[in-house]
Amino acid sequence: MPPIESLIEYFSKFPGIGPRQAKRFVYFLLAKDPMFRENFSEALVRLDKEITQCGLCFRYYQKSYERDGKCPICADAMRDSSKLLVVEKDVDFENIHKMSIWDGQYFILGGSLPILEKEPTKKIRGRELFNTVQDRAKNGTLKEIVLAMSATSEGENTLAYLETILPPLAEKYHLKITSLGRGISSGTELEYSDHDTMHNALENRK
Ligand SMILES: [Zn+2]
């Protein structure tokens with residue numbers, strides 16, 4: 001396939017990007033100087049060379065920060081390992097983490113569940129969450145799982161799904177399962193929620 005068509009196809013796969021926008025991206029790139037394109041492709045290559053995914057929380061991080069095979073957050077002994085905050089997307093994690101309002105550990109599901117999703121485990125890391133919770137609970141450290149989903153229909157659907165797979169573990173290991181309290185108005189995505197809203201929602205979790 002010629003490079004223009006090929007790139008249009010790649011950009012069309014991006015979230016929220018249609019073929020028309022994808023085409024605009026490609027012509028934007030063509031109009032830039034060669035240095036811009038070189039730096040752009042270099043940045044893409046560096047993603048593979050320098051970024052890795054944590055096997056515990058599943059977030060992406062700089063390989064050079066790895067400690068004992070974990071990301072620096074999972075390896076941080078100062079964090080409260082009795083609490084696990086479960087979020088849908090990487091951007092949700094980033095938004096909450098930069099607020100410094102959570103001192104426990106994190107788990108990133110990698111997406112959310114549309115209504116009537118037939119294969120939830122292909123969309124989100126439900127099985128991985130189950131295993132993580134089980135491992136952490138067996139070690140005797142985990143006490144609470146906080147399900148921090150967006151106040152959207154997909155977020156609510158994801159929450160409902162997690163509430164079907166976690167209770168057996170919660171019962172077995174005496175874990176508390178909580179979700180964000182009010183304060184998050186309907187339609188709010190955690191990716192965009194502000195410090196005070198998020199702080200209140202966490203404080204009022206139940
Ligand atoms: Zn981690």
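## Fold report: a parallel sheet and its core

Contacts between residues 24 or more positions apart make up 53% of the chain's contacts with a separation of 6 or more. The model is predicted. The chain has 206 residues, and 23% of them count as buried. Its C-alpha trace spans about 60 × 40 × 35 Å along the principal axes. Nine helices and six strands are present.

**Domains.** The chain is divided in two: domain 1 covers 3-52 and domain 2 covers 79-203. Their C-alpha centres lie 32 Å apart.

**The sheet.** Which order do the four strands of the open sheet take? The order is S4-S3-S5-S6, with parallel pairing. S4 and S6 (176-179) stand at the edges. Each has a single partner strand, so one side of each lacks a neighbour in the sheet. Neighbouring strands are turned against each other by 25 degrees on average, direction ignored.

S3 (residues 80-87) pairs with S4 (residues 104-108) through five bridges, in parallel. S3 also pairs with S5 (residues 144-148), again parallel and over five bridges. Individual partners of S3 residues are listed here.

| Residue | Partner | Partner strand |
|---|---|---|
| Leu85 | Tyr106 | S4 |
| Val87 | Ile108 | S4 |
| Leu84 | Ile145 | S5 |

In a regular strand, side chains alternate between the two faces of the sheet. The link from S3 to S4 includes a helix: S3, H4 (residues 90-98) and S4 form a β-α-β unit, and the unit is right-handed.

**The core.** The largest nonpolar core holds 33 residues. Those with the most contacts inside this core are Cys57, Val86, Val87, Phe107, Ile108, Leu147 and Ala148. Which elements give two or more residues to the core? They are S3, H4, S4, H6 (126-138), S5, H7 and H9 (195-203). In soluble globular proteins, nonpolar side chains tend to be buried together.

Ile108 ties several of these threads together. Val87 is its bridge partner. Setting aside neighbours within four places in sequence, Ile108 contacts Cys57, Phe58, Arg59, Val87, Asp90 and Phe93. Of these, Cys57 and Val87 are among the core residues with the most contacts.

**Loop residues.** Ala151 sits in the loop between S5 and H7 (153-165). Is Ala151 buried, exposed or partly exposed? There are 19 other C-beta atoms within 10 Å of Ala151. Burial needs 20 or more, so Ala151 is partly exposed. Thr188 is 37 residues away from Ala151 in sequence, yet their C-alpha atoms are 5.2 Å apart.

Most residues other than glycine have a negative phi. Two loop residues depart from that pattern. Asp68 has a positive phi of about 50 degrees and is not a glycine. Asp68 lies in the loop between S2 (60-62) and S3. Why is Asp68 classed as exposed? Because 6 other C-beta atoms lie within 10 Å of Asp68, and the exposed class covers counts of 12 or fewer.

Ser100 also has a positive phi, near 55 degrees, and is a residue other than glycine. Ser100 lies in the loop between H4 and S4, so this residue falls within the connection of the right-handed β-α-β unit. Ser100 has 9 other C-beta atoms within 10 Å and is therefore exposed.

Key. Residues are numbered from 1 along each chain as its sequence is written. This is a predicted model: local features need pLDDT of at least 70, side-chain atom pairs count only at pLDDT 80 or more; totals for chains, interfaces and linings use all residues. Two strands pair if DSSP finds at least two bridges between them. Domain bounds come from an automatic or database domain assignment. Two residues are in contact if their C-beta atoms, placed from the backbone, lie within 7 Å. Axes are lines fitted to C-alpha atoms, for helices over the stretch in contact, and angles run from 0 to 180 degrees between N-to-C directions. A nonpolar core is a set of buried Ala, Val, Leu, Ile, Met, Phe, Trp, Tyr and Cys residues joined through C-beta atoms within 7 Å.
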